[in-house]
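Subject: The structure we talked about, with notes

Dear colleague,

I am passing on the structure for you to open beside this message. Please have it on screen while you read, and take the notes below one part at a time.

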Amino acid sequence: MRRTRPIALVTGATDGIGRAVSQRLAGLVDTLLVHGRRSESLTTLAATLAPANPGTSVVPIVADFGRFADVERLIRRVRTIYGHLDILVNNAATVGQYSHTLTEDGHEQAFQVNYLAPAFLTAGLFDLLLVARRGRIVNVVCDAYRDVTTFDQDPLGNRCYHPAVAYAQSKFALVAHTASLVAACSGTRLAAVCVDPGFTETKLQRQSFRWPGGPVSAAADNVLYAVTKPVHDREFYVQGKEIVQPQSEVLQIPVQRQLDKVTGEALDMSLPWAATGLLRMGA
């Protein structure tokens, strides 16, 4: 049977940009998987989206990205029900705490929620994205990543920890990860892009930077542009609706390989995008 409209998954869908992106996508896809931390918020979101989009199946999925076990359950649920995934929007994020806080998995909170969990989700669903007619991974980032040149999880801990720095480091990792995906997916039907939707009036924005942002609707439009735009290899970093050059460090192969090493060790798995030769043969 021919697939007419895609299946999409949006993380962090119950608030801010994620909620607005879900509202945009609901009318464009056959099945919309919406992720959040709290079942009550997801139920409310689904109750809003479903009646306005009768042609779309809205599926709530609860998971706390501060727990790898939750991410693993999310992956298993998607894989059990669906044979492909067309769009993955990694939007969920946190700014972290003012004290150096570790998750139960032993990682700095912002680094796990903002980078390791999305990388885990991408790895667990990678083959479903590869078999999609035109798969797309969209990683929502922030230009604040340019303020750092590393993805270290603050080895000095409480002595120099600041949540804004941890946030920037996690987004640096996410941008470098996207660059690695771009190289790995070259020649396949799967494309990866990251998007900085701009300073936006959200809870995270107020917690992180404490100055007013732009409308959520504009940010959602920018993310949707990243979902639908043609992607040409290195033109993967979208700021608003413009292609811009990312920071040079994220394009360096040693940086990407070191990040893959750190990621594989943290997740205790082999990363599927590391097998570039296999991916190209299977395109």
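The notes below start with the whole chain and then turn to its helices and to a few single residues.

Please keep in mind that this is a predicted model. The protein chain is built with ten helices and eight strands, and of its 283 residues, 54% are buried. If you take the contacts between residues at least 6 apart in sequence, 73% of them join residues at least 24 apart.

Two helix pairs

Let us begin with α4 (109-124) and α6 (163-185), whose axes come within 7 Å and cross at roughly 20 degrees. Angles under 35 degrees count as roughly parallel, and therefore α4 and α6 are described as roughly parallel to each other. Their crossing is right-handed. On the α4 side the contact is made by A110, F111, N114, Y115, P118, A119 and T122, which meet A166, Y167, S170, A173, L174, H177 and L181 of α6. Sorted by class, the residues of this contact are ten nonpolar and four polar, with no charged residue among them. A general point may help you to read such lists: an α-helix has 3.6 residues a turn, so residues three or four places apart point the same way.

The second pair is helix α1 (residues 16-25) with helix α8 (residues 216-228), where the axes come within 8 Å and cross at roughly 60 degrees. That angle makes α1 oblique to α8, and the crossing is again right-handed. Here G16, I17, A20, V21, R24 and L25 of α1 meet V216, S217, A219, A220, D221, V223 and L224 of α8. This contact is made up of nine nonpolar, two polar and two charged residues.

Three buried residues

Is T122, which belongs to helix α4, buried or exposed? With a relative accessible area of 0%, T122 is buried, because buried means under 20%. Setting aside residues up to four places away in sequence, T122 touches L88, N90, I137, H177, L181 and W273. Of these partners, W273 is 151 residues away from T122 in sequence, while the two C-alpha atoms are 9.4 Å apart in space.

K171 lies in helix α6, and it is also buried, with a relative accessible area of 3%. Residues up to four places away in sequence being left out, K171 touches A93, V140, V141, C142 and Y145. The C-alpha atom of K171 is separated by 9.0 Å from that of R146, a residue 25 places away along the chain.

V193 sits in a strand rather than a helix, namely β6 (residues 190-196), and its relative accessible area of 0% makes V193 buried. Apart from its neighbours within four places in sequence, V193 is in contact with R136, I137, V138, N139, T178, A226, V231, F236 and V238. Between V193 and T178, which are 15 residues apart along the chain, the C-alpha atoms are separated by 6.4 Å.

Helix α9 and the residue after it

Helix α9 (residues 253-267) has 15 residues, and at 1.5 Å a residue it should span 21 Å; the C-alpha atoms at its ends are 21 Å apart, which agrees with that expectation. If you wonder how 15 residues lead to this value, the expected span is 1.5 Å times one less than the number of residues. Within α9, the buried residues are V255, Q256, L259, D260, V262, T263, G264 and L267. Among the elements that cover them are α3 (68-81), α4 and α6, so the two helices of the roughly parallel pair appear here once more.

What is notable about the backbone just after α9? There D268 takes a positive phi of about 55 degrees, although D268 is not a glycine. In general, most residues other than glycine have a negative phi. D268 is placed in the loop between α9 and α10 (276-281), and with 70% relative accessibility it counts as exposed.

With best wishes

Note on methods: Residues are numbered from 1 along each chain as its sequence is written. This is a predicted model: local features need pLDDT of at least 70, side-chain atom pairs count only at pLDDT 80 or more; totals for chains, interfaces and linings use all residues. Side-chain values use heavy atoms; hydrogens and water are left out. Helices (H or I, at least four residues) and strands (E, at least two) are DSSP runs, numbered from the N terminus. Buried means under 20% relative accessible area, exposed over 50%, partly exposed in between (1.4 Å probe, protein chains only). Contact means heavy atoms within 4.5 Å. Axes are lines fitted to C-alpha atoms, for helices over the stretch in contact, and angles run from 0 to 180 degrees between N-to-C directions. Angles under 35 degrees count as roughly parallel, over 145 as roughly antiparallel, 65 to 115 as roughly perpendicular and the rest as oblique. A crossing is left-handed if the near helix is turned anticlockwise from the far one by less than a right angle, and right-handed if clockwise. Ala, Val, Leu, Ile, Met, Phe, Trp, Tyr, Cys and Pro count as nonpolar, Asp, Glu, Lys and Arg as charged, and the others, Gly among them, as polar.
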